[in-house]
Amino acid sequence: MAKLDNNKLVSDITIPGTHDTMALYGGSMAECQSWSLENQLKAGIRYLDLRVSGFKLKIMHGIVYQHTSLSDVLSTIKQFLQKSTNEFVLVRIKPVFPSKKSVQNLVEDLIGNDNNIWKESKIPTVGEVRGKIVLVQKNGFKLGISLSETDSKGDYKVTKIEDKKNKIIKHLEEADKQCKSKIKEKMSLVYSSGTSLGTYMGICLLPNAVAREINPWLYDQLKNQFNKNPKLCFGIIAMDFPNFDLIDMIIKFNT
C-alpha cells in the first residue's frame, strides 16, 4: 500500500480479502483457508472476516471453535502493522453464537481508546489509517465503516460452478459502479467463495472444491478486465483459499 495516494478514500481502492479468515479447523466442510493469519497478511490479504462469539470473544465457524480469540487476532495484526507501517487492515466482526448480543460491549472493553483502531463510521482516507486496524460493521456490530454487499441472500450456495461465475461477474460490475458513485458512505464487498452445503448437491462442492474451480477462472477474468480497463475498482474481494497470483492480480488494480 506504500504507493497509494494518502488522499484517496479507502472505498476507492481494490483490496484482497479472505472469507471466514480463521476457518482453519473442522475438516473439509468447515475449513475455508489453509494459511495462518500471519501468512495471509504477508501474502497481501488486507480484509479479514471474523466470526466472533460472546464467550471470551472466541473465533468460531458455525459450531467449530477455531482455536483462537479476537484478542489473539488483533495482537497478530498489530505485530504485522508495526513492521509494515504503510499498510492498514480491515477487520469485519460478525457476532455469532454463543452470547452474540454481548460481542460489541466485549470488543469495546477490549480495544478501549486504542488510537490505532479506526472505529468511526466515516470512510477514511488512506493517509488517515496507515498502520491501523479499520473495523467493519456486520449485523449487530456497529463499530467501524459500513459495507455494501453485492451478493444476495443465498448467493454463497453453489450447485453449478458456471452459475457462480455469472454471479461473480455481475457482482464485480455492481461493485465498480458503487466505487465510482459520488456516494462514499460504504465500501463494496464481492464474495468469490461458496459451498454446496445446504443444497441438493450436499457435500459435492465444499469450499475447497469451489475455490479450485473459481480461483483460476477469477484470475483470468480479472486479468482480462485489467487489460481492457486498469482503472476499474471493486472494493473488497473476499476469497476462500486464495493464491499469490490471484492476490497480486487484485492488488494490480491500484497501480
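# A walk through the model, from His 67 to helix H7

Start by selecting His 67, which sits in strand E4 (residues 64-69); strands and helices here are DSSP runs, with at least two residues for a strand (E) and at least four for a helix (H or I), numbered from the N terminus. Before you go on, know that this is a predicted model: local features need pLDDT of at least 70, side-chain atom pairs count only at pLDDT 80 or more, and totals for chains, interfaces and linings use all residues. Residues are numbered from 1 along each chain as its sequence is written, and side-chain values use heavy atoms, leaving out hydrogens and water.

**Backbone oddities**

Back to His 67: its phi is near 60°, a positive value in a residue other than glycine. Most residues other than glycine have a negative phi, and most peptide bonds are trans. His 67 counts as exposed, at 52% relative accessibility. The cut-offs are over 50% relative accessible area for exposed, under 20% for buried, and partly exposed in between, using a 1.4 Å probe and protein chains only.

Next, pick Phe 97 and Pro 98. A cis peptide bond joins the two, with omega about 0°. You'll find Pro 98 in the loop between strand E5 (89-96) and helix H3 (103-111).

Now jump to Phe 241, in the loop between E10 and H7. Phe 241 isn't a glycine, yet its phi is positive, about 45°. Unlike a residue that counts as exposed, Phe 241 is buried, with a relative accessible area of 16%.

**The cysteines**

Select Cys 179 and Cys 233 and show their side chains. A disulfide (a pair of cysteine sulfur atoms within 2.5 Å) joins them, S to S 1.8 Å. Cys 179 lies in helix H5 (residues 161-180) and Cys 233 in the loop between H6 and E10, so the bond ties together parts that are 54 residues apart in sequence. The torsion about the S-S bond is about 65°, so this disulfide is right-handed. Cys 179 is buried at 7% relative accessible area, and Cys 233 is buried too, at 6%.

Which cysteine has its sulfur nearest to that of Cys 32? Cys 204 does, 17 Å away, and Cys 32 is in no disulfide. That gap is too far for a bond. Cys 32 counts as buried, at 2% relative accessibility, whereas Cys 204 counts as exposed, at 54%.

**A threonine in strand E1**

Move on to Thr 18, in strand E1. Thr 18 counts as buried, at 0% relative accessibility. Its side chain makes a polar contact with the side chain of Thr 21, at 2.8 Å. A polar contact is a pair of N or O atoms within 3.5 Å; within protein, one must be able to donate a hydrogen and the other to accept it, and residues adjacent in sequence count only if both atoms are side-chain atoms. Leaving aside residues up to four places away in sequence, Thr 18 touches several others, among them Gln 33, Tyr 47, Ala 238 and Pro 242; touching means heavy atoms within 4.5 Å.

**Last stop: helix H7**

Finally, select residues 244-252, helix H7, and colour its buried residues: Leu 246, Ile 247, Met 249 and Ile 250. They cover an arc of only 160° around the axis, which puts them on the same side of H7; the arc is that of the directions from the helix axis to the C-beta atoms. Those buried residues pack against strand E1 (15-18), helix H1 (37-43), helix H6 (207-228) and strand E10 (236-239). On the other side of H7, Phe 244 and Asp 245 are exposed. At the start of H7, look for Asn 243: one of its side-chain oxygens reaches to within 3.3 Å of the backbone nitrogen of Asp 245.
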